[in-house]
Amino acid sequence: MAIGTAIATGAAIATVVLPSASAAEEKTPEQIIKLCERTKVLNGKKQSLEDFGGSGFGGPGFASDTCDFVETKEIEFFDGPTEKVTVDFPNCEVDSGPEAKFTWTATVGQGQGKYTATQQGAGGGLFGFLSGSWLKHKGTTDLTIRTVTAGDSEIRQIPKGKVLHMEFTPRMQRMTGEWRVKINADPGSFAVNPSPEQNFAAPEIVEGPVVLPGAAGAAGIADGTLKPVLTDC
């Protein structure tokens, strides 16, 4: 039972162009992400052409010198959408039992990047790197995992004349940042015109569940609040 989408996708977004790039050199966020994919150094780690399908023999070469994901805002925490996670348990008839025994489960979807190169499910590349930034935060699972779950067995008392069901509200978090790409200045040569340093930035927002550590090395579970809801028969 999926109980919340995990990413603010948004449609068109404004390109952030840092001062050293002229108006004629402005690029869309998707173009900036392509430069980031094909960068020589991704967050301090040197890449090879093979990392993005290049070969050095007529294939794609490096498109930028560095790319870094930089958080621009402190991580935010908030309540996700509430979902009903059990059937109704009535205590309406004279011979109804005043107690409900049940097992509940809730599943929360993980985040994904805004751009083609950072969509959910990618094990490496930019999305793998974004996951590394995500993991810096306490109680956060790897973003390449599609979902996390929560659940337990419960026994609840049901007052006479009431119907009980349980609702779960996941605890969510939001990471806001930018992919920052730099192309170094080229002094030029006999056959190549000189070019100035260029800097571009594409904004990124990822949302996903807060995750509690699992027992005995098991996968982490989604944090949140389980609440009983009583209605009249």
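Which residues is C36 in contact with, leaving aside its neighbours within four places in sequence? In this predicted model, the partners of C36 are L42, Q47, S64, C67, L126, W179 and V181.

**The cores**

C36 also has a place in a bigger picture. The largest nonpolar core has 22 residues, and C36 is listed with I33, L126, L130 and W179 as those with the most contacts inside it. Five elements each supply at least two residues of this core: α1, β4, α2, β10 and β11. Of these, α2 gives the most, with 5 residues. You can look for them in the structure with this table.

| Element | Residues |
|---|---|
| α1 | 29-37 |
| β4 | 64-71 |
| α2 | 125-134 |
| β10 | 162-183 |
| β11 | 198-209 |

There is also a second, separate core of 17 residues, which includes F89, F102, F168 and A222.

**The whole chain**

Now step back to the chain itself, which has 2 helices and 14 strands. Of its 233 residues, 38% are buried. Among contacts between residues at least 6 apart in sequence, 76% join residues at least 24 apart. The accessible surface comes to about 12,400 Å², and carbon and sulfur atoms account for 54% of that.

**How confident is the prediction?**

The chain has a mean pLDDT of 80, with 80% of its residues at 70 or more. Among the elements, strand β14 (residues 224-232) has the highest mean pLDDT, 95, while strand β1 (residues 16-17) has the lowest, 47. Over residues 1-24 the pLDDT is below 50, and this stretch has 56 contacts in the model beyond near neighbours in sequence.

Key:
Residues numbered from 1 in each chain as written. Predicted model: local features only at pLDDT ≥ 70, side-chain atom pairs only at ≥ 80, totals over all residues. Heavy atoms only, no water. pLDDT = per-residue confidence, 0-100. Helix = DSSP H or I, 4+ residues; strand = E, 2+ residues; numbered from the N terminus. Contact = heavy atoms within 4.5 Å. Buried < 20%, exposed > 50% of the residue type's maximum accessible area, 1.4 Å probe, protein only. Areas by Shrake-Rupley, 256 points an atom, 1.4 Å probe, with all protein chains shown as cover. Core = buried A, V, L, I, M, F, W, Y, C linked by side-chain atoms within 4.5 Å.
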